[in-house]
Amino acid sequence: MPANRHLALAAILAFTVVMPAHAQTKWTHPHSDIYVSPTGDDKADGSAAYPFRTLTRAQKAVRALNGDADVTVTLADGVYPLTAPLVFTQADGGQKGFTVTWQAAPQARPVLSGGMAVTGWTVYDAAKHLYVADIPKGMDSRQLWVNDALAERAQMEISRDAVTFTETGMILKDNSLNLAVLPDQHRIEVESQGFFTSRFSPVEKIAGNTITMQQPAWSNNIWGYDSIPYPFHPEWSHLLLQNSLAFLTKANQWYIDPTAGKLYYKPADGVDMKQAKVILPRLEVLVSAAGTLDAPISDLKFTGLQFSYTSWMGPSSPEGFASQQSGSFLTGKAAAFPKNVLEVCKTGCPEFETVRNTWHQTPAAVQFAAAEHIVLDGNVFAHLGQYALGIGNDKNANLSGQGLATADIVVSRNVFTDLAGGAISSGGVLPDAHHPSNPKLTNRQLLVENNLIQNISQDYKDNSAILSTYVWNTVIIHNDISGAPYDAIDVGYGWGYVDAGGNPNYRTRQRGYGTVAQGGGGNPVYDTPTTHKDVFVGFNRVYKVKQLFNDGGAIYNLGACPDCVFAENHVFDIGDRIALYFDEGSRGILARNNVVEDASEWLNINTARSALPLRTSTNNTARGNWHNTTRTGGIWTAYQEDLIVDDHLVSDGKWPDEAKQVMANAGIMPEAGPVEFGDVKPRARPDDLPKPDGSPTAEKTRKQP
């Protein structure tokens with residue numbers, strides 16, 4: 001490095017780094033290494049011998065170095081408690097082509113924690129086996145972790161037949177419930193688990209058998225599709241009352257009283273509350289990393305870290321959580337909200353279409369927007385209260401207020417486990433996501449590979465494990481996904497209504513599209529494609545998903561997707577559910593050489609039968625797939641150029657060698673190393689499978705848009 005650069009950096013450090021006397025000689029030249037330890041000192045020099053204590057102090061030091069060198073921040077083992085989100089801006093990434101890396105020390109697993117330990121448990125009600133502990137007054141949460149597992153909020157299920165739904169709430173037909181005597185009625189919530197949505201709506205008050213709900217949450221939850229009063233297939237749905245001390249009757253349930261500063265818990269038999277590890281989250285977001293359109297944050301890497309303990313409190317507000325699909329939800333009160341909504345908008349209506357361009361997305365615990373050349377490798381995302389990782393979501397889902405605009409993001413060899421929501425949410429749902437007003441907003445080039453995902457979406461059950469909406473060139477390969485109530489991999493969005501030419505089903509039946517003068521609802525009909533294109537979903541191992549919802553598919557697409565391929569995935573052990581699903585508006589997709597075993601339908605397409613002869617999902621091909629069930633869904637005919645060719649039914653359990661090779665290649669590749677966390681590890685492969693033969697690597701499948 002030239003001498004003048006040494007002098008310039010030394011001058012910067014003299015003003016930005018406070019050093020003890022013993023360290024003065026150590027900073028005579030720029031260093032690329034910074035060290036942090038929970039037992040360190042922020043007045044130290046950040047060296048290996050004298051590490052900093054806090055991440056914010058290390059962040060300040062990075063900014064003094066990252067314009068002149070690659071910088072590595074090494075975190076010692078231990079917990080790093082955060083009392084506010086760790087905010088990264090353009091100044092925190094690599095500058096002038098350099099890279100900033102935040103990594104774990106060898107053999108260490110540093111934990112970035114947004115939670116606090118709860119101790120001092122005493123018996124509250126011995127007969128009911130309830131315990132109580134003090135917490136800071138005013139502290140609230142929707143999640144609690146006990147001994148490294150998500151506990152369940154106090155709740156009780158009621159039959160849909162036991163209530164009458166109204167525009168203001170519900171009337172109980174069962175007089176024995178006597179809910180009107182319960183305290184803190186405004187904290188009680190209704191959860192509805194429908195055909196493909198999981199919704200929450202808070203109570204305002206209860207008088208007699210009448211439950212009046214908070215607004216606008218209730219209004220937004222009673223219209224549209226799969227709503228609380230009218231779920232598709234109500235025989236498969238669930239209706240629950242949650243969040244009252246009176247509902248605390250089952251082991252591993254809890255209730256929080258923020259006003260009194262009390263936390264109640266009912267342990268399972270044998271659990272010693274004096275020894276139990278109880279963590280209550282106090283942050284909604286752990287990390288927010290975002291630049292601007294003209295100055296994105298770039299060249300930033302996180303490796304070997306653990307991100308834990310958040311709780312997104314949005315559903316506890318009067319907005320509730322009027323989920324529409326995969327974590328997108330309604331807010332506010334629609335200007336076009338119709339009269340007699342329970343009669344005129346049971347399964348969609350033109351008025352409902354007017355709010356599609358205002359949907360919100362769930363904010364993730366770790367967020368990236370206006371970011372490029374980002375690597376997340378070998379980390380653990382565990383015990384988080386919403387989607388764990390958000391990449392290029394809409395601005396309403398980002399703490400920074402900046403959305404979208406991500407490019408060249410790599411998510412590799414991470415573990416996602418014990419999550420209230422899904423693992424990864426990438427892309428937005430608003431117009432700037434699918435038809436960017438500025439090209440810089442375009443999300444592009446996302447690689448998700450060799451990740452282990454288990455036990456997710458425990459509270460927000462309709463969250464996909466991996467969601468990629470509008471991203472140009474998404475590659476999702478070699479992931480091992482299990483333990484999900486909904487889908488494993490969902491790509492695309494929009495039901496075809498924002499694709500070039502729109503969706504004729506929505507235009508003719510819902511009349512929410514086209515100009516008002518044309519009889520439409522004012523939503524634009526685009527004449528150009530969306531940014532959902534050039535997607536590759538391959539070599540993934542997917543099992544024990546679809547454990548709750550009947551709708552959707554283990555691997556699923558929504559909307560047109562030119563040059564998109566689902567290839568050589570192994571889907572198995574999903575029960576009476578759909579494996580590969582091309583939903584409404586799907587176009588231009590090839591599903592080839594996948595292996596599906598033990599599913600009710602190995603393949604389904606939503607061709608909007610009620611809208612025929614209009615063509616809504618066209619030019620899709622399933623070629624060379626193996627499966628042990630004959631059932632398919634939808635209309636596969638040449639009329640729409642939806643074709644099944646070179647197909648292989650395996651009815652005797654004797655999978656051919658080619659299918660076995662697909663099974664062997666699917667999931668995390670050996671060269672990725674052991675991707676596991678504690679007891680969380682991939683399900684063992686059958687012994688009779690061949691060794692992986694080297695399926696295409698990321699370098700071969702990735703494209704430059």
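Biologist: How many of the 13 residues of β46 are buried, and how should I read that number?

Modeller: Ten of the 13 are buried, so β46 is largely enclosed by the rest of the structure. Buried here means under 20% relative accessible area. Keep in mind that this is a predicted model.

Biologist: What does it mean for strands to pair, and which strands pair with β46 in the parallel sense?

Modeller: The general idea first. Strands of a sheet pair through backbone hydrogen bonds, either parallel or antiparallel. In this chain, β46 (570-582) runs parallel to β43 (residues 541-543), and three bridges join the two. Strand β44 (residues 555-558) also pairs with β46 in the parallel sense, over three bridges. With β48 (595-605), β46 has eight bridges, again parallel.

Biologist: Which residues stand opposite each other in these pairings?

Modeller: Take phenylalanine 572 of β46. Its bridge partner in β43 is tyrosine 543, and in β48 it stands opposite glutamate 597. Elsewhere in β46, tyrosine 581 is the bridge partner of tyrosine 556.

Biologist: What does an antiparallel case look like, and in what order do its strands lie?

Modeller: There is an open sheet of three strands in the order β26-β27-β28, with antiparallel pairing. The edge strands are β26 and β28 (360-361), each of which pairs on one side only. Two bridges join β27 (residues 328-330) to β28. Within that pairing, phenylalanine 329 stands opposite histidine 360 of β28.

Biologist: Now a helix. Which residues of α2 are buried?

Modeller: An α-helix has 3.6 residues a turn, so residues three or four places apart point the same way. Helix α2 (residues 55-65) is mostly covered, with eight of its eleven residues buried. The buried ones are Leu55, Arg57, Ala58, Gln59, Ala61, Val62, Ala64 and Leu65.

Biologist: How do I read a residue in a loop? Is glutamate 584 buried or exposed?

Modeller: A loop position does not settle the matter, so look at the accessibility: glutamate 584 has 6% and counts as buried. Its place is in the loop between β46 and β47 (587-592).

Biologist: What does glutamate 584 touch, leaving out residues up to four places away in sequence?

Modeller: Its contacts include Trp495, Tyr506, Leu558, Asn606 and Ser617. Tryptophan 495 is 89 residues away along the chain, yet the C-alpha atoms of the two are separated by 5.1 Å.

Biologist: Which residues lie nearest the centre of the largest pocket, and what else lines it?

Modeller: The pocket has a volume of about 880 Å³. Its lining has 34 residues, with Phe195, Phe232, Asp551, Tyr581 and Asn606 nearest the centre. The lining divides into 13 nonpolar, eleven polar and ten charged residues. At least two lining residues come from each of β26 (322-325), α7 (504-510), β46 and β48.

Biologist: Last, the whole chain. How many helices and strands are there?

Modeller: The chain has nine helices and 53 strands. Its radius of gyration is 26 Å, close to the 27 Å that the globule rule gives for 705 residues, so the chain is as compact as a globular protein of that length. The C-alpha trace spans about 80 × 65 × 60 Å along its principal axes. Buried residues make up 61% of the chain. Of the contacts between residues at least 6 apart in sequence, 78% join residues at least 24 apart.

Key
Residues numbered from 1 in each chain as written. Predicted model: local features only at pLDDT ≥ 70, side-chain atom pairs only at ≥ 80, totals over all residues. Heavy atoms only, no water. 1 Å grid on protein atoms, 1.4 Å probe; cavity = no way out; pocket = protein on both sides within 12 Å on 5 of 7 lines; lining within 4 Å. Points joined across faces, edges and corners; volume = space filled by probe spheres on them. Helix = DSSP H or I, 4+ residues; strand = E, 2+ residues; numbered from the N terminus. Nonpolar A, V, L, I, M, F, W, Y, C, P; charged D, E, K, R; others polar. Buried < 20%, exposed > 50% of the residue type's maximum accessible area, 1.4 Å probe, protein only. Pairing = 2+ DSSP bridges. Rg over C-alpha atoms; globule rule 2.2 N^0.38 Å. Contact = heavy atoms within 4.5 Å.
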